[in-house]
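Please open the model in a viewer and keep the selection tool at hand. The stops below say what to select next and what is found there.

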Amino acid sequence: MRLAIKRNLSPLLVCLIIFNASVAFAQKSVRANRQSATVEQKINFLLARMTLAEKLGQLQQLDGESDGRFRPEHLELARKGLLGSTLNVRGVKQTNELQRVAVEQSRLKIPILFGFDVIHGYRTLFPIPLGETASWDLQAAEKSAHIAAQEARSAGVHWTFAPMVDIARDPRWGRIMESAGEDAFLGAAMAKARVQGFQGGDYSQIDRVMACAKHFAAYGAAEGGRDYNTVDMSERTLREVYLPPFEAAKNAGAGSFMTSFNTLNGVPATANSFLLRQILRSEWKFDGLVVSDYTSVAELIKHGVARDGSEAAQISLNAGTDMEMVSRFYNQSGAELVKSGKVSIKTINDAVRNVLRVKFRLGLFERPYADENLEKNTIKKPEFLQTAREIAAKSFVLLKNEKETLPINKNVRKIAVIGALADDKANTLDWWAGDAKAEDSVTILQGIREKVAALPTKIRFEKGCELNCDSEKDFGKAVDAAKDSDFTIIVAGETRDISGEAASRTNLDLPGKQLDLIKVIHQTGKPYAVVLKNGRPLTINWLAENSPAILETWHSGTMGGAAIADVLFGDVNPSGKLPVTFPRNVGQIPLFYNALPTGRPLETENRYTSKYIDSPNTPLYPFGFGLSYTQFKIDNLRLDKTQIKRNENVKISVDVENVGKRDGVEVVQLYVRDLVASVSRPVKELKGFRRISLRAGEKRTVEMTLTPKDLSFLNQKLQPTNEDGDFQVFVGNSSEGGLEGTFKVGQTAVAEKKN
Ligand code: GLC
């Protein structure tokens, strides 16, 4: 606490001021301690009264029906106080009925914790997290999470199993769609925004839910990009690349973590005390709840680290997994494990404390029931749908736009829309669609029709082929439609089932014969644009080479179709930037921008340098890339210092000008390279970004500051360190190119030149 003491006060008066301030401070701390002590005291009060069976019951989470109903068995367990939590049970009718049994009929009346996968929306669905991350709009990410929390909490859900904060450098992995992409800095920023959106400052509030940082940890680095597969990586890579988003989530106050299915360096995450005790609890001081993933306790048997369920329960509990999702070995074996001393009662009590602590923090003891009226008045509010439409439009990435093919001129009178994905309601949803209903969605075709409804524009829709596009028999109709139109919109990509969990692909081409369909449309010579609808980077080399315009729209949620029409017709200027690299081919994977230089960086003329003999090293589209309907000029890079001490900042400024004819948004990105250090450092690392909205002709200065933390890294002993040396900065609108500058870090600043 700092006291502003005026110079001319009498010494007595100064003492009085200091005394009063100290008393006030002491009273505040006592109040705060009493506040938190109340929670811990309440936990102790309950714990002292709980039987072992009731304690083990709190560590059990069971699965409801996919439509939100609880199972008959849940009522019995709730009545006996043996059900700590459920997943998938949702809707006030369902949650209140089950909760009433737990709170009014059980011995200790401990409320049930209702969890659900609200990954990017509850009923109002936002773009998939990978798509939303492409907006680079942290406020948007926080806002969509808050809307999701409002809908979910109103429906009786207390806990979302989100944000998924796994770094994903491998697009073969289907769950990349749930991630924030390949970069730790952007991923950490998104993790913080999403946790804050879900939880706010107090997740007992009726418009908030508890967040869950998942999947702890390094799940996205599954070998071969094959879901659930082995993860093996250095502690350096773990700490520098895969853990930062988790630490950001924890620092943002995430109430829970979920363990991942994979082994990490031979030890399954669910039984990994290095992750759960050393990093999460002792290094990060996390005091929330750790839940396993779906039967991941039981899977320790298949991992070959547990002979049976009892041993699986033993090693998970001892490693620090508090709650068991769906499998029941904690309950089935817990009593015997305690009796035999294989698991101490302290371990059980600590796990139960973590469960009870989040239930108190959620306010469940004070307010265990949800309100049906609130649910009715909250779900799908018009302003939520409008926000979903705006955020979807921000998530789209314009990958190509030759000769200003886009936006489509509204004077165009005949438009062909081709592709089954353009009008398939079911596929407006994606793998993690929460409680969203397809019938609520706007398809791309609907969005286009609505956009031109007031105009004398004819729309002709032809699928060209079914969703799996395994036949060319209807290509002719699509070609006729294109020939008979002034402009064609081809919608291509992935159906929802080949993205998300358990959907790894060995090739990243457009599935089926979609590319053949695009080629025959291309041959008509008529103008067209490709709208991609997908959950991962795709190897769209032919499109990149030949198609006049490509708009990446990901899976874009309930209002995606309307948002796509907004961008196609120019009512919204696209501003998205790729959060993940698009490789040219699967052989390049893993391919990410912030790689190490190697001792033989590519020299095309020199055989003996790091390259392929059958492919360029460069990506098809780089991290951070995205076009606009207008053009931005970034120039006049300046640094406020070119020599700093290790503990000093350096301020980077550039001027950004909208030199085009349309208002637009640019994402200015700041990358840094540490040229020489005690360990090899990446060729560049994202250390700052700013979304800046500029009217046509407008010019503004963007400033970003590099701090010592931005320049720190792990030395050879894995200790965070800052070293002297030369640094490069790159400022631009992609991870490639940009204005370059340099500065030095030295123990002592260069002595001021004495004249
Ligand atoms: C799934 C996922 C996890 C999800 C959980 C509950 O298998 O791995 O992300 O939260 O089970 O649905």
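Begin by selecting Leu602, which is partly exposed because its relative accessible area is 40%; buried means under 20% relative accessible area, exposed means over 50%, and partly exposed lies in between, with a 1.4 Å probe and protein chains only. The model is a predicted one, in which local features need pLDDT of at least 70 and side-chain atom pairs count only at pLDDT 80 or more, while totals for chains, interfaces and linings use all residues. Residues are numbered from 1 along each chain as its sequence is written, and side-chain values use heavy atoms, with hydrogens and water left out.

**The loop between H21 and S17**

Leu602 sits in the loop between H21 and S17; helices (H or I, at least four residues) and strands (E, at least two) are DSSP runs, numbered from the N terminus. Leaving aside neighbours within four places in sequence, the residues in contact with Leu602 are Thr609, Ser610, Lys611 and Asn617, where contact means heavy atoms within 4.5 Å.

Select Pro616 next. Pro616 is placed in the loop between helix H21 (560–568) and strand S17 (632–639). From C-alpha to C-alpha, Leu602 and Pro616 are 9.7 Å apart in space and 14 residues apart in sequence. A relative accessibility of 42% makes Pro616 partly exposed. Apart from neighbours within four places in sequence, Pro616 is in contact with Arg584 and Gln588. Asn585 may be added to the selection: Pro616 and Asn585 are 31 residues apart in sequence, and their C-alpha atoms are 9.8 Å apart.

**Ser653 in strand S19**

Move on to strand S19 (residues 650–658), where Ser653 lies. Is Ser653 buried or exposed? Ser653 is buried, as its relative accessible area is 7%. Leaving aside neighbours within four places in sequence, its contacts are Asn636, Leu637, Arg638, Thr701, Val702 and Glu703.

**The disulfide**

Which residues does a disulfide join? Select Cys465 and Cys469, which are joined with an S to S distance of 2.1 Å; a disulfide is a pair of cysteine sulfur atoms within 2.5 Å. The count by this rule is 1 disulfide. Because the torsion about the S-S bond of Cys465 and Cys469 is about -90°, the disulfide is left-handed. Both Cys465 and Cys469 are buried.

**Helices H6 and H7**

Two packed helices are described by the angle between their axes and the distance between the axes. Select helix H6 (residues 138–154) together with H7: their axes come within 7 Å and cross at roughly 35°. Axes are lines fitted to C-alpha atoms, for helices over the stretch in contact, and angles run from 0 to 180 degrees between N-to-C directions. The crossing of H6 and H7 is right-handed; a crossing is right-handed if the near helix is turned clockwise from the far one by less than a right angle, and left-handed if anticlockwise.

On the H6 side, the contact is made by Leu138, Ala141, Glu142, Ala145, His146, Ala148 and Ala149. From H7 come Ala189, Met190, Ala193, Arg194, Gln196, Gly197 and Phe198.

**Helix H9 and its surroundings**

Helix H9 (residues 244–251) is the next selection; Pro245, Phe246, Ala248, Ala249 and Lys250 are buried there. What covers these buried residues of H9 includes helix H7 (184–199), strand S5 (212–216), H8 and strand S6 (256–259). Just after H9, Gly253 takes a positive phi of about 95°. Cys212 also merits a selection: with a relative accessible area of 0%, Cys212 is buried.

**Helices H8, H10 and H12**

Select helix H8 (residues 235–242) and helix H10 (residues 273–283), whose axes come within 14 Å and cross at roughly 50°. H8 is therefore oblique to H10; angles under 35 degrees count as roughly parallel, over 145 as roughly antiparallel, 65 to 115 as roughly perpendicular and the rest as oblique. H8 and H10 cross in a right-handed manner. Glu235, Leu238 and Arg239 in H8 meet Phe274, Leu275, Gln278, Ile279 and Glu283 in H10.

Finally, keep H10 and add helix H12 (residues 309–319): the axes come within 8 Å and cross at roughly 20°. H10 and H12 are therefore roughly parallel to each other. Ser273, Leu276 and Arg277 of H10 make the contact with Leu317, Asn318 and Ala319 of H12.
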